[in-house]
Amino acid sequence: MPQNKTKCVFGPVPSRRLGLSLGIDLLPFKTCSMDCVYCECGATTNLTCVRKEYFPTDAVIAELDAVLAKKPKIDFVTFSGVGEPTLHSGIGRIISHLHDHHSGLPVCLLTNASLLGDPGLRKELRYISVIVPSLDGSNEEELFKINRQEKSVTLDSVMKGLLAFRTEYPQIAMWLEIFIVPGVNDSPGSAERFRQLVSQIRPDKVQLNSLDRPGVVDWIHPADPEKLDRIAAVIGRAAPVEIVARHKKQVEIKNGQPDVEQYNELILKTLRSRPCTAEDLVSTLGIPADRIEPHLRRMERAGLVIPEPGTRGTFYRPA
């Protein structure tokens, strides 16, 4: 059973794309408009496109202010987490608050783009610095096989939302993410269709991604690097392309060596946002490598975490 979330702000954590990122997770586990086969947070249990105030907006703003008052070293404030951030009806207020009271901080939105067709939502996002929308299917069949989205979401609706956002807010950097799933959207035909879609959207760049942590289904595996290069070469005729690499920046703990309870709190808070290996936790939290493995074993025996085999070794999730 997933842990109930008590806070919406997490990190800072090292991001493969954004450096040190302070995360904002606005949704209960696991609420989303898609049920992506590669999702590191697990299967979607509440598949919906209904926008509402899943957590009190004022409480999120107060928590965010309290964290930022400590002046953490961060590169971005990022809306991400266990589901689609734009489902929260208060996201516009939170973004406006950041713009008005923390104007020096770049704000990024990671989104599956399912709701961008809503003109009101697009206006709510007008103060963000970067949007990273995903587009995982070059046709309807691929999109549904990978994203397993809510029935009202189609490739056409996603494209209309992306095109409208790009037209209305060209000053906001757009990094379009395409997640490559071998055997689904990695054929030469898929690459050419993606090129055509990208040429319409005109993002600042395209980021090709592939499996790094365990997904929802067991048949998905990482894409071959040479195939990623070939896909990048095709899409690159329409926009700059980069292949996302793992981020290994170390974050130091500033308040001395934490005790056992502090370790548990730090580790569980991180695992609630995404499954991690021991190596990931060393990089994310700055816990010494010679301490993390025995501590994870103690947490496993105490029933706090669950180990799972993955592509890079053993991954841990909250129990």
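Select C108 to begin: at 0% relative accessibility, this residue counts as buried. Then select C276, which is likewise assigned 0% relative accessibility and counts as buried. With the cysteines in view, note that the structure holds zero disulfides. The model under inspection is predicted.

**Colouring by confidence**

Colour the chain by pLDDT before proceeding. The mean over the protein chain is 87, and 89% of the residues reach 70 or more. Two stretches deserve a separate selection. Over residues 245-258 the pLDDT is below 50, although the model gives this stretch 36 contacts beyond near neighbours in sequence. Over residues 1-6 the pLDDT stays under 50 as well, and the contacts beyond four places in sequence number eleven.

**The sheet**

Next, display the strands. Eight of them form an open sheet with mixed pairing, and the order to follow across the sheet is β1-β2-β5-β6-β7-β8-β9-β10. Its edges are β1 and β10 (residues 241-243), each of which pairs on one side only. On average, neighbouring strands are turned by 25° against each other, direction ignored.

Select residues 9-15 to isolate the edge strand β1. Is this strand mostly covered or mostly uncovered? It is mostly covered, since five of the seven residues in β1 are buried. Add residues 19-24, strand β2: the two strands run antiparallel and are joined by five bridges. To see one position in this pairing, pick F10, which stands opposite G23 in β2.

Move along the sheet to β7 (residues 130-133) and β8 (residues 173-179). These strands run parallel, and two bridges join them. Selecting V130 leads to A173, its bridge partner in β8.

Now show helix α7, residues 225-235. This helix lies across β8, β9 (residues 205-209) and β10, and runs at about 160° to β9.

**A helix pair**

Hide the sheet and select α5 (residues 155-168) together with α6 (residues 188-201). Their axes come within 9 Å and cross at roughly 35°. Which side chains should be displayed to see where α5 meets α6? From α5, show L155, M159, L162, L163 and R166; from α6, show L197, Q200 and I201. The residues of this contact divide into six nonpolar, one polar and one charged.

**A buried histidine in a loop**

Centre the view on H88, which is found in the loop between β5 (residues 76-79) and α2 (residues 91-101). Why does H88 count as buried? Its relative accessible area is 0%, and therefore H88 falls into the buried class. Display the residues that H88 touches beyond four places in sequence: L26 and L27, the run R51, K52, E53, Y54 and F55, and finally T57.

**Helix α8 and its partners**

For the last stop, select L268 in helix α8, residues 260-273. The relative accessible area of L268 is 10%, so this residue is buried. Leaving aside neighbours within four places in sequence, the contacts of L268 are M299, L304, V305 and P318. A C-alpha to C-alpha distance drawn from L268 to M299 gives 9.8 Å, for two residues that are 31 apart in sequence.

Key: Residues are numbered from 1 along each chain as its sequence is written. This is a predicted model: local features need pLDDT of at least 70, side-chain atom pairs count only at pLDDT 80 or more; totals for chains, interfaces and linings use all residues. Side-chain values use heavy atoms; hydrogens and water are left out. Axes are lines fitted to C-alpha atoms, for helices over the stretch in contact, and angles run from 0 to 180 degrees between N-to-C directions. Helices (H or I, at least four residues) and strands (E, at least two) are DSSP runs, numbered from the N terminus. Contact means heavy atoms within 4.5 Å. Ala, Val, Leu, Ile, Met, Phe, Trp, Tyr, Cys and Pro count as nonpolar, Asp, Glu, Lys and Arg as charged, and the others, Gly among them, as polar. Buried means under 20% relative accessible area, exposed over 50%, partly exposed in between (1.4 Å probe, protein chains only). Two strands pair if DSSP finds at least two bridges between them. A disulfide is a pair of cysteine sulfur atoms within 2.5 Å. pLDDT is the predictor's confidence in each residue, from 0 to 100.
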